[in-house]
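Colleague: I should like to go through this structure with you, one question at a time. Please explain each answer briefly.

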Amino acid sequence: MQSRKSTLINVFAALITLGVQMFISFWLSPFVVGKLGEEAYGFINLANNFVSYASLVSVAINSMACRYISIEYNSGRINEAKSYFCSVFIANCFLYGLILIISILFVWKMELIINITPALIQQVKLTFLLSFVNMGTSLIGTVYTAAAFTTGKMHYNSLVQIISNVVKSVFVFVLFMVLPPKVYYLSLATLCAGLITLWGNYEVTKKLFIDFKIEKNYYSFFKLKRLVKSGFWVLISNISNLLLNGLDLLFSNWFISSAIMGRLSLAKQIPLALSNALGVFSNIFSSALTKVFASNGNNKLIDEANAQLKILTVFFTVPYAGIIVFGYDFLLLWLRNTNYTSSQFLEIYVLMIIVLLDIIISTYMYSIHSVFIAIDKVRIYSITLFVSSIVSIFTTLALLKFTNLGVYAIAGTSTLILGFTHGVIVPACAARLLNKPLWIFWKTEIQSWTSLIVICIMFFVFKKIMLFPDWTHFFVNILIVALIGYVFEFLLIFDKNEKRELIQILKTKVAFNNK
């Protein structure tokens with residue numbers, strides 16, 4: 001009961017983070033596009049993609065760091081946890097120095113690799129450089145997220161993220177309003193937000209890990225070797241995700257145009273805000289699953305994973321259905337100050353839905369992915385995903401060469417292949433590793449998709465009697481249908497015992513706040 005209560009507290013904190021991120025994506029993207037144009041805007045997100053490419057070198061160490069620190073800490077082996085903590089920090093400092101040298105060389109001659117309008121070359125180079133520097137703050141600060149993960153108090157990290165996102169949005173707005181518009185303003189603001197995140201998570205670590213400090217005598221090459229060996233397959237799975245989803249903007253730049261790259265980048269903003277929030281939930285749930293595994297082994301992993309999948313379904317299905325049903329009307333209001341034609345609006349909407357479907361698929365299996373990490377059995381998952389990514393890349397290239405699908409081939413191929421892999425194969429592999437029937441996770445997954453269809457149909461019915469002439473009408477209508485949608489989700493997804501438990505937790509929380 002207490003574990004479920006902590007998870008719900010962390011979930012509500014993550015929801016606040018989701019609200020802040022959605023707000024930033026809501027007003028920031030059209031604001032920046034209006035100031036810079038879609039072509040220049042596309043390079044901002046392309047820079048973030050290149051940072052994710054560079055970050056791959058650190059995945060083998062960092063992907064399993066929180067797990068090992070958590071296992072040792074919650075098993076009472078504090079010095080072992082400290083050793084992992086210090087070893088990861090020192091290794092990350094070394095890696096970042098190496099990455100920074102390579103990134104400077106890349107930025108120096110990047111116009112030979114990426115198609116850039118001559119007038120934007122210097123601004124784009126500075127954008128990429130600031131993004132790589134910001135990666136350093138994230139890399140060095142990775143170990144400082146372990147304290148909240150280990151103790152199950154991820155709401156502290158969510159609070160830090162909220163503050164950094166607010167600072168980022170204010171900083172961007174001030175820069176664009178006061179100074180002549182430049183491409184690199186958003187990267188500069190992101191760097192400032194990254195420094196705040198680093199400082200905030202450091203303070204959280206001091207609060208939760210009182211005796212943890214960076215000390216050379218705790219450094220252990222043996223423990224780094226263990227992390228790399230354990231994290232190698234996570235690295236393979238991250239490379240696979242990159243091949244599936246991380247090359248779309250680069251392919252658009254290479255094979256179509258930088259303008260189409262900017263349009264695809266714009267279409268991805270709202271879905272990616274939800275994806276970022278999903279990442280926050282993933283850390284929360286991975287933390288809970290790791291603690292369950294440390295305490296009870298495999299005994300309660302399936303119940304915990306299914307419960308987490310239900311929570312993800314309840315919280316995310318309503319916004320997903322809202323984007324599917326009301327997304328086009330939203331775009332017409334959101335981008336009304338741009339020069340897009342009706343066909344271009346439709347193109348952005350279709351691309352947005354394609355990207356969203358990819359994220360929906362990931363949502364309905366996210367907790368299952370955490371099972372592989374909790375039991376330290378990610379090899380089968382990684383191999384499966386890597387094979388799928390290779391198939392996706394070659395299929396995309398073939399469609400670009402032999403068809404006129406263009407950007408739809410880039411955005412849609414990975415969604416179809418990922419859907420089959422994550423929706424069918426991965427849950428079966430997880431069930432097999434836990435010595436359970438193949439359908440054990442499919443049942444909850446099918447329930448999630450069914451609820452999405454039901455909510456979408458309900459929203460379509462409501463839309464027939466709604467008008468969206470301005471933002472006021474839009475938000476009032478959306479708020480009404482969202483509340484109804486969440487009530488239906490609660491009734492559809494949770495069984496009688498789960499409803500009773502959740503209601504009891506809420507009553508306890510309300511009674512505590514009233515004291």
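Colleague: How many helices and how many strands does the secondary structure of the chain come to?

Modeller: Please bear in mind that this is a predicted model. Its secondary structure contains helices, while strands are absent. The count is 20 helices and zero strands.

Colleague: What percentage of the residues in the chain is buried?

Modeller: A residue is called buried when its relative accessible area is under 20%. The chain has 515 residues. Of these, the buried part is 56%.

Colleague: Does helix 16 have end C-alpha atoms that agree or disagree with the expected span, and how far apart are they?

Modeller: Helix 16 covers residues 379-402, which is 24 residues. At 1.5 Å a residue, the helix should therefore span 34 Å. The computed distance agrees with this, as the end C-alpha atoms are apart by 35 Å.

Colleague: Is Val170 buried, partly exposed or exposed, and in which helix is its place?

Modeller: Val170 lies within residues 155-178, which form helix 7. Its relative accessible area is 47%. Since partly exposed covers the range between under 20% and over 50%, Val170 is partly exposed, and its place is in helix 7.

Colleague: What accessible area does the nonpolar surface patch with Val170 have together?

Modeller: Besides Val170, the patch includes Val166, Phe173 and Met177. Val174, Val178 and Leu179 also belong to this patch on the surface. Together, their accessible area is about 610 Å².

Conventions:
Residues are numbered from 1 along each chain as its sequence is written. This is a predicted model: local features need pLDDT of at least 70, side-chain atom pairs count only at pLDDT 80 or more; totals for chains, interfaces and linings use all residues. Side-chain values use heavy atoms; hydrogens and water are left out. Patches are made of residues with over 30% relative accessible area and no salt bridge: like charges are joined within 9 Å, nonpolar side chains (Val, Leu, Ile, Met, Phe, Trp, Tyr) within 5 Å. Accessible areas come from the Shrake-Rupley method with a 1.4 Å probe; for residues, only the protein chains shown count as cover. A salt bridge is a side-chain nitrogen of Lys or Arg within 4 Å of a carboxyl oxygen of Asp or Glu. Helices (H or I, at least four residues) and strands (E, at least two) are DSSP runs, numbered from the N terminus. Buried means under 20% relative accessible area, exposed over 50%, partly exposed in between (1.4 Å probe, protein chains only). The expected span of a helix is 1.5 Å times one less than its number of residues.
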